[in-house]
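Trainee: Could you take me through one part of this model up close? I'd like to look at a salt bridge and the residues that make it, and then see how the rest of the chain fits around that.

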Amino acid sequence: MKAYTYLEKGRFELIDKPKPALKEPQDAIVRVTLGSICTSDLHIKHGSVPQAVPGITVGHEMVGIVEAVGPEVHNVKVGDRVTVNVETFCGECFFCKRGYVNNCESEHGGWALGCRITSRCAIHT
């Protein structure tokens, strides 16, 4: 699949990437049908996001069709049309319990998709 990818400060490229696979039981694979570039992606381009990992796919504002779900995903099913939240969260830490999921203390919590997570989308139930 083709993906617009951050390579280094100021450099993006449309490159071939392998189709993602489920990694965690809470994961879902979403085939993106519409995507957008947002200001956060531009901040990555200009080197203003030190957490950004080279190799990430940018364009985290998206909608798509669920193609696969892990065994712990119960609120969506294959074929559902969904929007994807760029913030992943555990739902259990201090910040999540107070609604500040962008500050989640989990390893993959906060703004991870399109910043630190390279090729997986998580829909948490």
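Mentor: Sure, let's start with lysine 77, which counts as exposed because its relative accessibility is 53%. Keep in mind that this is a predicted model. Lysine 77 makes a salt bridge with aspartate 80, and their closest N and O atoms are 3.0 Å apart. Now check the partner: aspartate 80 has a relative accessibility of 19%, so it counts as buried. The cut-off for buried is under 20%. So here an exposed lysine 77 meets a buried aspartate 80.

Side chains of opposite charge can pair when their charged atoms come close. The structure holds six salt bridges, so let's visit some others. Lysine 19 pairs with glutamate 67, with 3.6 Å between the closest N and O atoms. This pair links distant parts of the chain, 48 residues apart: lysine 19 sits in the loop between β2 and β3, and glutamate 67 in strand β4. Lysine 19 is exposed at 61% relative accessibility, while glutamate 67 is partly exposed at 32%.

Then there's lysine 2 with aspartate 16, a salt bridge of 3.5 Å, N to O. Lysine 2 belongs to strand β1 and aspartate 16 to strand β2, so the pair ties together parts that are 14 residues apart in sequence. Both ends are out in the open: lysine 2 counts as exposed at 54%, and aspartate 16 counts as exposed at 55%.

Stay with those two strands for a moment. β1 (residues 2-8) and β2 (residues 11-16) pair in the antiparallel sense over six bridges. They form a hairpin with two residues between them, and glycine 10 in the turn has a positive phi of about 80 degrees. Glutamate 8 has arginine 11 in β2 as its bridge partner. Glu8 and Arg11 turn up again with Glu13, linked in a network of salt bridges.

The hairpin has aromatic residues too. Tyrosine 6 and phenylalanine 12 make a tilted aromatic pair, 5.7 Å centre to centre with 55 degrees between the planes. Tyrosine 6 is buried at 8% relative accessible area, and phenylalanine 12 is buried at 16%. Add Tyr4 to Tyr6 and Phe12 and you have one aromatic cluster. Tyr4 also helps make a nonpolar surface patch of about 380 Å², together with Leu14, Ile37 and Leu42. Leucine 42 comes from helix α1 (residues 39-45) and counts as partly exposed at 42% relative accessibility.

Now back to β4, where we met glutamate 67. Three strands form an open antiparallel sheet in the order β3-β4-β5. β3 (28-36) and β5 (81-83) are the edge strands, each with a single partner, so one side of each is left without a neighbour in the sheet. On average, neighbouring strands here are turned by 35 degrees against each other, direction ignored. Eight bridges join β3 to β4 (residues 61-69), and in that pairing valine 30 stands opposite valine 66 in β4.

To place all this, zoom out to the whole chain. Two helices and seven strands make up its elements, and along the sequence they follow the pattern β-β-β-α-β-β-β-α-β. Of the 125 residues, 37% count as buried, and aspartate 80, from our opening pair, counts as buried too.

How values were computed. Residues numbered from 1 in each chain as written. Predicted model: local features only at pLDDT ≥ 70, side-chain atom pairs only at ≥ 80, totals over all residues. Heavy atoms only, no water. Pairing = 2+ DSSP bridges. Helix = DSSP H or I, 4+ residues; strand = E, 2+ residues; numbered from the N terminus. Axes fitted to C-alpha atoms, helices over the stretch in contact; angles between N-to-C directions. Patch = residues over 30% accessible without salt bridge, like charges linked within 9 Å, V, L, I, M, F, W, Y side chains within 5 Å. Areas by Shrake-Rupley, 256 points an atom, 1.4 Å probe, with all protein chains shown as cover. Salt bridge = Lys/Arg side-chain N within 4 Å of Asp/Glu carboxyl O. Buried < 20%, exposed > 50% of the residue type's maximum accessible area, 1.4 Å probe, protein only. Phe/Tyr/Trp six-rings, centres within 6.5 Å; stacked < 30°, edge-to-face > 60°.
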